[in-house]
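These are my notebook entries on one protein model. I record what I looked up, step by step.

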Amino acid sequence: MKHLLLFIFSLLLITSCTNPTDTASVQNYFNLKGFIENQITELNKRKPLVNKEMALGDKNENKQTNEIDWRQELELFTQADLNKQAYQLSYTISQPSSSTFLYTLKSGEKLPVKSLKIVLDEVSKQPKLVEALLQEENRLYDSEKKLQLTCTMRPEGVWLIKTYEINGFQHLTITDKKTFLVKGTIN
């Protein structure tokens with residue numbers, strides 16, 4: 001029993017001595033994931049009415065709803081965040097204007113996020129436009145997703161997504177290419 005307690009104490013001591021800089025992720029790029037997480041929290045709290053358009057191939061559907069799973073709806077925007085350990089040093093950063101940041105995948109890199117553009121509002125320094133291109137390709141499957149969202153200051157003084165759009169295609173080598181579109185306008 002004495003040896004077991006000594007072992008547990010040693011184990012706790014070793015695990016408590018890990019360096020916090022080893023586990024913390026470095027933020028080399030705009031924190032898109034954090035921004036989207038904040039937007040999801042606000043949207044879940046407010047439950048705004050959304051005009052939503054969806055298309056799969058030639059089938060279209062339009063509806064108005066305030067029943068949206070925002071985490072699922074904005075998941076691809078979260079996936080476009082570049083602050084992942086595997087993505088560090090994989091992108092060139094350019095700044096075409098003082099409020100525009102463009103991240104482009106370096107030649108020879110094989111990551112799904114090909115580009116990310118963030119345009120900040122001059123006053124609030126919050127993103128007013130986010131655009132991303134995600135592509136994946138292998139012998140069995142290829143896909144492309146173009147993401148865009150716009151944000152604005154709401155009358156109640158909250159910076160919130162105004163529109164979002166995801167369009168692209170998925171193609172399995174044994175099937176036809178399937179195009180899709182999800183477009184939302186938040187009232």
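The entries below move from a helix to the sheet, then to the core and one residue.

**Entry 1: the model.** I note at the outset that this is a predicted model.

**Entry 2: helix H3.** I looked up the extent of helix H3 and found that it covers residues 32–46, 15 residues in total. From its first C-alpha to its last, H3 reaches 21 Å, close to the 21 Å expected at 1.5 Å a residue. I then asked which residues of H3 are buried. They are Leu32, Gly34, Phe35, Ile36, Gln39, Ile40, Glu42 and Leu43. After H3 comes Lys47, and I recorded its phi as positive, near 45 degrees.

**Entry 3: the sheet.** In what order do the strands of the open sheet stand? I read the order as S2-S1-S9-S8-S7-S6-S5-S4-S3, nine strands with antiparallel pairing. Strand S2 (59–65) and strand S3 (91–97) are at the edges; each has a single partner strand, so one side of each lacks a neighbour in the sheet. On average, neighbouring strands of this sheet are turned by 10 degrees against each other, direction ignored.

**Entry 4: strands S8 and S9.** I examined one pair in detail. Strand S8 (residues 159–172) and strand S9 (residues 178–186) run antiparallel and are joined by eight bridges. Gly168 stands opposite Phe180 in S9.

**Entry 5: helix against sheet.** I next looked up which strands H3 lies across. They are strand S5 (113–120), strand S6 (127–137), strand S7 (141–153), S8 and S9. H3 runs at about 115 degrees to S8.

**Entry 6: the nonpolar core.** The largest nonpolar core has 36 residues, and I noted that Trp70, Leu74, Tyr91, Leu149 and Tyr164 touch the most other members. The elements that give two or more residues to this core are H3, helix H5 (75–79), strand S4 (100–105), S5, S6, S7, S8 and S9. I followed Trp70 further, leaving aside its neighbours within four places in sequence. Trp70 is in contact with Ile40, Leu43, Asn44, Pro48, Val50, Tyr164 and Ile186.

**Entry 7: Thr78.** I closed with Thr78, which lies in helix H5. Is Thr78 buried or exposed? Its relative accessible area is 12%, and buried means under 20%, so Thr78 is buried. Not counting residues up to four places away in sequence, Thr78 touches Lys33, Ile36, Glu37 and Lys84. Thr78 and Phe35 are 43 residues apart in sequence, and I recorded 8.8 Å between them in space, C-alpha to C-alpha.

How values were computed. Residues are numbered from 1 along each chain as its sequence is written. This is a predicted model: local features need pLDDT of at least 70, side-chain atom pairs count only at pLDDT 80 or more; totals for chains, interfaces and linings use all residues. Side-chain values use heavy atoms; hydrogens and water are left out. Helices (H or I, at least four residues) and strands (E, at least two) are DSSP runs, numbered from the N terminus. The expected span of a helix is 1.5 Å times one less than its number of residues. Buried means under 20% relative accessible area, exposed over 50%, partly exposed in between (1.4 Å probe, protein chains only). Two strands pair if DSSP finds at least two bridges between them. Axes are lines fitted to C-alpha atoms, for helices over the stretch in contact, and angles run from 0 to 180 degrees between N-to-C directions. Contact means heavy atoms within 4.5 Å. A nonpolar core is a set of buried Ala, Val, Leu, Ile, Met, Phe, Trp, Tyr and Cys residues joined through side-chain atoms within 4.5 Å.
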